[in-house]
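Biologist: I would like a close look at a single part of this protein, the aromatic rings and how they pair. Please then place that part among a few other features, in terms a first-year student can follow.

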Amino acid sequence: MLSLHPARHRRRRASTRAPKIGLAIAGGGPIGAMYELGALRALDEALDGLDLTRLDSYVGISSGAFLAAALANRLDVEEMCRAFITGDSDDLAFRAEDFLRPAFGEYARRIGGLPQLAMDWSRGLLPGAPRTALFGGVVPTGVFDNRGVERFLADVFSRRGRSNDFRALDAALHVVAVDLDSGEAAVFGAGELADVPISRAVQASAALPGLYPPVRIDGRDYVDGALRRTMHASVLLERDIDLMLGLNPLVPYTDRPTGAAPRRRRSRPLTDGGLPAVLSQTFRTLLQSRMQVGLAKYAQQYPDVDQLVFEPGDGASELFFLNAFSFSTRHRVCALGYRQTLDDLRNRAAELIPVLGAHGIRLRPEILADGERTLFDGLPPRRTRRTETTARLHRALDDIERMIDTPPR
């Protein structure tokens with residue numbers, strides 16, 4: 001489902017200035033990230049004149065922060081698909097178990113504090129002593145250990161010419177988390193938080209409460225950035241961009257096809273899934289509603305910016321029930337994101353052609369005309385393997401080619 005907000009009056013650009021394009025990627029856990037990866041692959045193939053690794057600015061939240069950080073580091077969509085979907089990447093070695101290790105250290109720390117909590121509780125029983133509920137401090141703040149996430153990212157961003165330093169990137173990258181003790185958004189990559197390693201910032205932004213413990217950085221605890229806003233698109237819009245692309249996989253589940261009668265049900269009620277299903281639906285509904293309000297406001301506040309936001313549409317309700325770390329699930333979800341995004345581009349082509357054309361981007365008719373095209377059609381088996389040296393050489397040659405092709409200002 002594509003939300004399109006064309007600019008009411010586009011600013012004039014000098015003929016020598018390339019359009020400034022920003023990309024905002026929301027969270028959504030492993031399932032959401034795989035949907036977004038498929039959507040990115042569709043955009044990469046179907047839009048001529050758009051290089052997703054060469055945009056002006058990026059903002060990422062939660063699982064979307066990894067995708068944004070990878071693109072800003074010029075790790076292209078094809079390589080990420082090879083790492084997470086086909087498994088034939090010679091660069092990224094992804095293992096789901098690294099993200100699902102129980103937080104034994106957190107468990108031990110909480111249990112170790114039990115004697116002190118018991119003493120404090122006993123003192124509260126004395127006459128005149130204040131009584132407070134203390135035993136909540138025994139409950140761990142997260143089920144899984146997210147240090148493996150940080151180690152994986154630190155390795156990815158320290159090889160093949162990439163960087164784990166926001167300040168060393170060619171493009172502006174912002175990763176958003178929430179300061180747990182103040183409830184305020186923390187924008188890593190800007191101001192006083194510019195020196196935090198990218199891997200730590202992504203770890204903090206993806207620290208979904210209950211699943212992963214908060215991440216402590218310089219004495220402050222940070223959690224999932226989606227708790228404050230869904231996409232934090234304003235971070236990009238404030239940079240005077242000309243075109244904003246957004247991805248949001250967090251939409252509520254619906255048990256009715258489009259146009260069905262209000263009382264018609266096509267599956268079992270969500271309450272059969274217990275509290276997790278109810279909470280997930282509540283969270284998704286709130287996030288999407290909040291984002292829609294934000295987009296309407298941004299259209300008024302930034303009338304000279306074209307805004308395109310891609311979300312799962314009808315037929316994507318299976319996302320709600322899938323195993324997040326299953327290999328077959330990753331394939332299905334990524335393929336779904338790919339297919340639905342191509343459908344959006346195909347169905348809205350008449351509206352998109354003038355909007356994208358204003359920024360030097362055109363739709364590739366040969367891609368959109370192929371209604372049977374799949375994610376794997378553009379991912380032939382890899383025949384050659386790159387070493388660290390050849391990968392750096394390829395990156396340098398790409399830089400030289402871009403310098404030659406870019407007109408002088």
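Modeller: What follows starts with the aromatic rings and then turns to cysteines, helices and an annotated region. The model is predicted.

The structure holds 5 aromatic pairs. One of them joins Phe-188 and Tyr-222. A pair of aromatic rings is described by the distance of the centres and the angle of the planes. For Phe-188 and Tyr-222 the centres are 5.2 Å apart and the planes stand at 70° to one another, an edge-to-face arrangement. Where do the two residues sit? Phe-188 belongs to strand β6, which covers residues 185-188, while Tyr-222 belongs to strand β8, which covers residues 220-224. The pair therefore ties together parts that are 34 residues apart in sequence. Both partners are covered: Phe-188 has a relative accessible area of 0% and is buried, and Tyr-222, with 5%, is buried as well. Rings also come together elsewhere, since ring pairs link Phe-66, Phe-84, Phe-152 and Phe-157 into a cluster.

Next come the cysteines. How many disulfides does the structure hold? The number is 0. Why is there no bond between Cys-81 and Cys-334? The closest cysteine sulfur to that of Cys-81 is in Cys-334, and at 4.5 Å this is too far for a bond. A disulfide needs the two sulfur atoms within 2.5 Å. Seen from the other side, Cys-334 is in no disulfide either, and the nearest cysteine sulfur to it is that of Cys-81. Cys-81 counts as buried because its relative accessibility is 0%. Cys-334 also has 0% relative accessibility and so counts as buried.

Two helices can be set beside this. Helix α7 spans residues 198-205 and is mostly covered, with 7 of its 8 residues buried. Among these buried residues are Ile-198, Ala-201 and Val-202, along with Gln-203 and Ser-205. Helix α13 runs over residues 388-405 and contains Leu-397. Leu-397 contributes to a nonpolar surface patch together with Leu-393, Ile-400 and Ile-404. The area of that patch is about 420 Å².

Last is a region taken from a record. An unreviewed UniProt entry places the feature "transmembrane region" at residues 21-43. In the model, the chain over residues 21-43 is 65% helix and 22% strand. The C-alpha atoms at the two ends of residues 21-43 lie 14 Å apart.

Terms used: Residues numbered from 1 in each chain as written. Predicted model: local features only at pLDDT ≥ 70, side-chain atom pairs only at ≥ 80, totals over all residues. Heavy atoms only, no water. UniProt positions renumbered as here; feature names shortened; annotations may be inferred. Helix = DSSP H or I, 4+ residues; strand = E, 2+ residues; numbered from the N terminus. Patch = residues over 30% accessible without salt bridge, like charges linked within 9 Å, V, L, I, M, F, W, Y side chains within 5 Å. Areas by Shrake-Rupley, 256 points an atom, 1.4 Å probe, with all protein chains shown as cover. Salt bridge = Lys/Arg side-chain N within 4 Å of Asp/Glu carboxyl O. Buried < 20%, exposed > 50% of the residue type's maximum accessible area, 1.4 Å probe, protein only. Phe/Tyr/Trp six-rings, centres within 6.5 Å; stacked < 30°, edge-to-face > 60°.
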